[in-house]
Amino acid sequence: MALAQPDQGGVLAGQIDARTGTPGEPRTGPLRGTLATTACMETLQVGYLHAVAAAAGCSLSQPFPDNGIDWHVSHDAPEHVVDDEVTVKVQLKATYQIPPRPAGPTFSFTLDNEHLVKLARTPVAVHKILVVMLVPRERDQWLAAGHDRLDLRHCCYWTNLAGHPVTGRRRTTVRIPTTRIFDDRALCEIMTRVGSGGTP
């Protein structure tokens, strides 16, 4: 028995769109799931965090229930002064509204005031950082795999918002430094400063 073969996009010629009753347009890429883009962005940034933590030699734990902080990142090294293992709390955010390689020393990012209050509290027993990932609008541009590398686009940036004031009625715009790229070296440097009794 011969089976009809889909075209490259996975849509049979003349297939009817169930929603409109009209012939559908052939896809030009793979059949992606219907999970909301924002949910996929959350998954992508978690993958980025896992990759950075792995390269930095850090362990990750997820608080349960989530009380406004996404992840705890811990770094174990005998050189730490305050303890052999230090931890930083990480709040992840992602957006496709800011283009890659933002011009200037900072870019703007808006937070709900309740999130900012949690991130800005000082003094604290465990330091917190905000990590913002800039992603392409289209999911087919998020990553590229090859024999020698896996590229995730575009980039994560981090900042310490301790002491930052709330200025808006419901939301406050903060400035994220473009020099603070969040990678394994940056994470190691953050942990070294915290391990010496300093701030991220």
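**Exercise 1. Count the helices and strands of the protein chain in this predicted model, then give their order.**

Step 1. Count the elements. The protein chain has three helices and nine strands.

Step 2. Read from the N terminus. The order is α-β-β-β-β-α-β-β-β-β-β-α.

**Exercise 2. What share of the protein chain counts as buried, and how much accessible surface does the chain have?**

Step 1. Take the burial. The chain has 200 residues, and 33% of them count as buried.

Step 2. Take the surface. It comes to about 12600 Å². Carbon and sulfur atoms account for 52% of that area.

Step 3. Turn to the contacts. Consider those with a separation of 6 or more. Of these, 60% join residues 24 or more positions apart.

**Exercise 3. Place leucine 60 in its strand, and decide: buried, partly exposed or exposed?**

Step 1. Find the strand. Leucine 60 sits in β1, which covers residues 59-61.

Step 2. Check the accessibility. Buried means under 20%, and exposed means over 50%. Leucine 60 has 25% relative accessibility, so it counts as partly exposed.

Step 3. List the residues it touches. Leave out those up to four places away in sequence. Leucine 60 then touches Leu49, His50, Ala53, Trp71, His72 and Val73.

Step 4. Compare sequence with space. Leucine 60 and valine 73 are 13 residues apart in sequence. Their C-alpha atoms are 4.8 Å apart.

**Exercise 4. Which residues gather in the patch of negative charge, and which strand holds aspartate 76?**

Step 1. Name the members. Asp76, Asp83, Asp84 and Glu85 form this patch on the surface.

Step 2. Locate aspartate 76. It belongs to strand β2, residues 71-76.

Note on methods:
Residues numbered from 1 in each chain as written. Predicted model: local features only at pLDDT ≥ 70, side-chain atom pairs only at ≥ 80, totals over all residues. Heavy atoms only, no water. Helix = DSSP H or I, 4+ residues; strand = E, 2+ residues; numbered from the N terminus. Buried < 20%, exposed > 50% of the residue type's maximum accessible area, 1.4 Å probe, protein only. Contact = heavy atoms within 4.5 Å. Patch = residues over 30% accessible without salt bridge, like charges linked within 9 Å, V, L, I, M, F, W, Y side chains within 5 Å. Areas by Shrake-Rupley, 256 points an atom, 1.4 Å probe, with all protein chains shown as cover. Salt bridge = Lys/Arg side-chain N within 4 Å of Asp/Glu carboxyl O. Lys, Arg positive; Asp, Glu negative; His and termini not counted. Charge placed at Lys NZ, Arg CZ, Asp CG, Glu CD.
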